[in-house]
Amino acid sequence: MRTLPLGLQVPGDTVWHRLPTGRKLLGLVLLGVGVVALQGPWLPLLALAVALAVALHAGVPARSLVLGVRPLLVLLAVVAALQTWQRGWPVAVEVVATTLTLVVLATTFTATTPTDDLLDAVVRAAGVLRPLGVDPQRVALTFSLAISSIPVVATLFTQTREAAKARGLERSPRATLTPFAVRTVAHAHAVGDALAARGLGDPD
Amino acid sequence: MATIELDDVTVTAPTADGEVVLLRDVTAHLTERRVAVVGANGSGKSTLARLVNGLVGAASGSVRVDGLDVATDGPAVRRRVGFVFTQPAAQLVMPTVLEDVALSLRRHVKDKRERETRARAVLADIGLADRADTSVHALSGGQQQLLAIAGVLACEPTVVVADEPTTLLDLRNARAVQERLLSMDQQLLLVTHDLDLARRCDRALVVEDGHVTCDDDPERAVAHYVESTLS
């Protein structure tokens, strides 16, 4: 496995897999808030170590964790440099460790939760909004589409950039961004048609 | 077998200058098990297919499936009519194979275990049982198309509309998808450029410039299409 595709579960029977999805989601939210509130360099680093230990205990491959955060590393390096320059190294460590902790926790959540269970939890949570005219199944579907669209859009961007490069236009942002936007909208239309054809937008 | 009735159907689309006619005065009552639709690119054959489950609306005329009007009974029609697209990737929206089939069942099967059981049964039937927990992105093009068909069959439709389902596939995968579609119990409305495949159907329509110019036995319809295209 080169990377862990977003939303793809790692099969297992750890305590993290067995936790009810709703409680796990609530726990993730509370932990996220708690981690962001941590001050100084040492507590965020400790939180990152704990998050990594939880991820490994849950069976998330270490290589997948490394490859999963790799796209963030350039951004984090820039942020760390800026924070060190403006507010000192303790703040830089705090920001970077907090961000990495959140990514590792989110990865562990998706790796230990079948998407179907997650949708059920979203349907239950959105059920309280039914009197206001909200369709919980539609909310869950939107959630699912948001998860599944990320790798697809990333692939579209790569393909568009390669097409621009093949025509010698790699230095022109317009040659990449314009067709990328058009292809993304076209993909959204195609997905919309497919969902409508499966009756997923129809009322109960 | 289901009945698809198109009566004097005209479909238009807006343009900057007004509107363009995509299909004009199409009438056909389809009761055969396997019906092919052939025609050149842009002739209107996909529009005809998309009429059947309401992805495209008629400007005039009526489209009925088993007596249900697509315009007024859309959700009921879509429960009867499954649709397989050319590009399967747009049709697959869940991370794993099993979850994607189960998604089709969410509206009508509330129990998670029953959804999973039914999804696994469909996957076994279509030959993807061993890929149930695989990422949908890890499948080959042919497997993705078979998965898209599984997602449709999970809802137990009476009609399956397939819009050029083998166009993007290599020979082996195209054969697998063709055989699966032709062996289904459901009525099949198949839009295709593969004339050999069209000949294996029970009836064929030829669409040219928005008109159905031939509605006949597949051998005669394909001969008409070849002659009118190449002459």
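In this predicted model, chain A and chain B meet in a contact that takes 26 residues from chain A and 24 residues from chain B. On the chain A side, three helices each supply at least two of the touching residues: helix 6 (115–126), helix 7 (136–166) and helix 8 (173–197). Helix 8 of chain A gives the largest share, with seven residues. If you sort the chain A side by residue class, you find 13 nonpolar, seven polar and six charged residues.

Now for the two partners themselves. Chain A has eight helices and zero strands, so to speak a run of α-α-α-α-α-α-α-α when read along the sequence. Chain A is divided into domain 1 (15–113) and domain 2 (128–197), and the C-alpha centres of these two domains lie 27 Å apart.

Chain B mixes its secondary structure, with eight helices and ten strands. How does its radius of gyration fit its chain length of 231 residues? A compact globule with that many residues would have a value near 17 Å, and chain B has 18 Å, which agrees.

Here are some overall values for the two chains, side by side:

| Property | Chain A | Chain B |
|---|---|---|
| Span of the C-alpha trace along the principal axes | about 55 × 50 × 35 Å | about 50 × 40 × 40 Å |
| Buried residues | 25% of 204 residues | 49% of 231 residues |
| Share of contacts at least 6 apart in sequence that join residues at least 24 apart | 73% | 64% |

Within chain B, one helix pair is worth a look in your viewer. Two packed helices are described by the angle between their axes and the distance between the axes. For helix 3 (residues 97–105) of chain B and helix 5 (residues 141–153) of chain B, the angle is about 35° and the axes are 7 Å apart. The crossing of helix 3 and helix 5 of chain B is right-handed.

Which residues make this contact between helix 3 and helix 5 of chain B? From helix 3 of chain B come B:Val97, B:Asp100, B:Val101 and B:Ser104, while helix 5 of chain B brings B:Leu147, B:Ala150 and B:Gly151. By class, the contact between these two helices of chain B has four nonpolar, two polar and one charged residues.

Conventions
Residues numbered from 1 in each chain as written. Chains lettered and ligands numbered in written order. Predicted model: local features only at pLDDT ≥ 70, side-chain atom pairs only at ≥ 80, totals over all residues. Axes fitted to C-alpha atoms, helices over the stretch in contact; angles between N-to-C directions. Helix = DSSP H or I, 4+ residues; strand = E, 2+ residues; numbered from the N terminus. Left-handed = near helix turned anticlockwise from the far one by under 90°. Contact = placed C-beta atoms within 7 Å. Nonpolar A, V, L, I, M, F, W, Y, C, P; charged D, E, K, R; others polar. Domains from an automatic or database assignment. Rg over C-alpha atoms; globule rule 2.2 N^0.38 Å. Buried ≥ 20, exposed ≤ 12 C-beta atoms within 10 Å, placed from the backbone.
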